[in-house]
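Hello,

Here is the structure I promised to pass on to you. Please have a look at it first, and then read on for what turned up.

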Amino acid sequence: MNRRNWVWALWTALAALLYFFENGTGTRIVLACSVLLPMVPIIRRSLLGPDENAMHPHTTAYPISALADRETDSPGGVRAYLPGDPVNRIHWKLSAKRDELLVREPAHSRMAAEAEQLAPLKAEQPTVRRHGKPVFLIGFSVVLLSLVLSIAVPTARQGMKALLNRLYDASEAVNAYAYERFAVPADAPVILCAVLLGIMAFSLLGMTILSGSRRMALGLMAGCALFQVYFGLPFPAWVNVPLLAVFVLWMMRRPWRREPVLSALAGVAVLALTVVLVWPGVDAATESSSEAVRDRLSQAAQSVTGVTMEQPAGEKET
């Protein structure tokens, strides 16, 4: 299994975790796309035929050489006769069939000619990853500095606690969770903390884009999934589905070509529309199993911390 398959397998596991704990239309679309999207290239090839340039998009077909390979077992290929070519290299049999003089070309000469033709194309390919390490170091330094400031500066620290309290309020409004609040005023300023969090988010996004790293893209998507699972606040479908589409494009082979990109986006659109029409809303059985698992995890956490919290009658609490 290559690296891309490992990434998809890991992300599919995270998508399954997201759907199990926050099952709904949006997270179900993410899971369906994660499971079935790797099959989109296979379906496209079976319907539209194989992509001749899928593995070598910049290579040029040589019909004469292909014909020569069928006519003779000798290595190399053939080309049109040029004045000055040795007579003993003329391919008489193939020349008679094609009614033109053709000469055998040694394998090393053919490879050198192809390499010379491909050199300009390789030079034009993007070199995003060449500066990956400096970009990563700069971005990591910015993220680390922002994190230190958000903890060390009293105003930012108070704002962080106030933001977490607001997240707890939003989570308890839609879930039967119980959080322990931070002892900060409800009107504590959060502007400085929000600015630092924004800098960290944009730095991580910039590191991913400029370095061209697929692992960082996977890390960002994993962070989004775990955030939704922990706080019980799933993003709406119009946020999760575009995020997944961008993630899919980022994981594709580069340089991007039109046919694979369009097929992947069409796959996301078809799967999303199918889920919306066939299986929308929340699944009661999955929700019940999810709440049972949350209760067991809550009991295990309380046994470790030694803190027992009373459960409201008729409600499940985490």
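**What the model shows**

The protein chain has 13 helices and 2 strands. Please keep in mind that this is a predicted model.

Let me start with the chain as a whole. Of its 318 residues, 32% are buried. The accessible surface of the protein chain is about 19,800 Å², and carbon and sulfur atoms account for 67% of that. As for the contacts in the chain with a separation of 6 or more, 66% join residues that are 24 or more positions apart.

Next, a word on confidence. The average pLDDT of the protein chain is 76, and 74% of the residues reach at least 70. Two stretches deserve some care. Over residues 50–75 the pLDDT stays under 50, and the model has 35 contacts beyond four places in sequence for them. Residues 124–129 also stay under a pLDDT of 50, with 9 contacts beyond four places in sequence. Where pLDDT is low, the predicted coordinates should not be read in detail.

Finally, a spot to look up in your viewer. Which residues form a nonpolar patch on the surface? They are F136, L137, F140, L144, L147, V148 and I151, and together they have about 640 Å² of accessible area. One of these patch residues, I151, lies in helix α7, which covers residues 132–152. I151 counts as exposed because its relative accessibility is 52%, and the cut-off for exposed is over 50%.

Enjoy exploring, and best wishes!

Note on methods. Residues numbered from 1 in each chain as written. Predicted model: local features only at pLDDT ≥ 70, side-chain atom pairs only at ≥ 80, totals over all residues. Heavy atoms only, no water. Patch = residues over 30% accessible without salt bridge, like charges linked within 9 Å, V, L, I, M, F, W, Y side chains within 5 Å. Areas by Shrake-Rupley, 256 points an atom, 1.4 Å probe, with all protein chains shown as cover. Salt bridge = Lys/Arg side-chain N within 4 Å of Asp/Glu carboxyl O. Helix = DSSP H or I, 4+ residues; strand = E, 2+ residues; numbered from the N terminus. Buried < 20%, exposed > 50% of the residue type's maximum accessible area, 1.4 Å probe, protein only. pLDDT = per-residue confidence, 0-100. Contact = heavy atoms within 4.5 Å.
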